[in-house]
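Visitor: I should like a close look at a single part of this protein. Please describe one helix and its surroundings in a connected account.

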Amino acid sequence: MIEPRVAAHAGRLAPGQLPAYVHDLAALDRDARVIRAALPERVELYYAVKANPAPEILRALAPHVHGYEVSSGGELTHVRRVVPGSPLAFGGPGKTEEELRLALELGVERVHVESAHELRLLGALARAPLDLLLRVNLPVPDGHMDRAALAMGGRPTPFGLDPDGAASCLPLPGGGRVRLRGIHAHLASGLDARAQVAVARHITTWAGEFAGRHGFDLAEVNVGGGMAVDYASPHARFDWQAYGRGLRGLLSGHEGLTLRAEPGRSVTAYGGWYVTDVLDIKHSHGEAFAVLRGGTHHMRTPAARGHDHPFTVLPMEGWPRARPRPAVHREPVTLVGQLCTPRDVFARRIEVTALRAGDRVAFAMAGAYAWNISHHDFLMHPPPTFHYLE
Ligand SMILES: *Cc1c(COP(=O)(O)O)cnc(C)c1O
């Protein structure tokens, strides 16, 4: 399941370069191109930077995205520097006054307003016209959530405004300098294409009625991200074609409206690999454990989500003859890292044909919410090296 060029690179890495993050920028370019091509013209693609903000990745995506969704002053400054001139949408709860000033200074194209207080701050700070979307927390319609999905909409959360709260934001403060272009909602993650289209339809219908009731022109609806990524099936992909068709149908009922989607995980997860080697293999009370160099302080994804992370074994020769080689054959094995905590687990009881000390292991789907969400300094092991394959 590993791309041959990634496997070749992983095999060539010097021992001192492990663990390593290997990002296949050609695969990322291909994935992003497929996504863009599947979306109708009136759907803008924004990349949610929090999934992976590495400069190489932001630049590789630049030809395919309309802009970037940022969620902090840090991301804002970073993306402006790395891809100057790209449109930015600034969302996220708890924006500070300093961050809002920075956003105005750097001229972000959109602010997604999370609360009435934030809106009042913006109204007071804005000197030039500023376009914003009200982020709303709408109930997700029944029957659209599959078991893997994480619902944020319709429940108490720190995100966005309740429908009533959105209504009480109008008319907007700021003497006309802040302009309401539309509505933003990011209601769930892990939804398949059919469910995503249903959620987008629900948001757009609500936004249309809201605009009608309050007498403003609905120019734009941002339907969020959260397109499903299934770590149990590295080959399955979110059905962007079906999603694109669904959104085309949806747009046909809304003349002049621009939709925006802001996926993160589904864009960059597949292009990244975390490669390391097996330090030791042992049995504990009848179960096999492979201890790998590095750990979930480099790739927190499986610990954060509680899943078995998909991997490929890359057999390596050259073990010293004089020393017995720890190994398992045709046996379930639990892959762990070097941290002194029982939570440092990549995958549990996975049957392998063979796994030996000195072999390399390449974890797939490590391009999103991996290095950048991890607790790097815990135990002070050396950091991984980073490789970007053109
Ligand atoms: C995290 C986030 C996204 C991206 O979600 P993915 O699951 O990575 O696609 C999009 N919009 C908002 C507001 C977010 O918080």
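Guide: Contact here means heavy atoms within 4.5 Å. Helices (H or I, at least four residues) and strands (E, at least two) are DSSP runs, numbered from the N terminus. The model is predicted: local features need pLDDT of at least 70, side-chain atom pairs count only at pLDDT 80 or more, and totals for chains, interfaces and linings use all residues. Residues are numbered from 1 along each chain as its sequence is written, and side-chain values use heavy atoms, with hydrogens and water left out.

The part chosen is helix 9, residues 240–252. Its 13 residues reach 18 Å from the first C-alpha to the last, close to the expected 18 Å (1.5 Å times one less than the number of residues). Buried in this helix are Trp240, Tyr243, Gly244, Gly246, Leu247, Leu250 and Leu251. These residues lie on the same side of helix 9 because they cover an arc of only 165° around the axis, the arc being that of the directions from the helix axis to the C-beta atoms. On the other side of helix 9, Arg245 and Ser252 are exposed. Buried denotes under 20% relative accessible area, exposed over 50%, and partly exposed in between (1.4 Å probe, protein chains only).

The cover over the buried residues of helix 9 includes three helices and two strands: helix 2 (25–38), helix 8 (193–214), helix 10 (265–268), strand 2 (43–48) and strand 11 (258–261). As for the wider setting, the domain assignment, which is automatic or from a database, gives domain 2 as 87–263 and domain 1 as 12–18 + 270–389.
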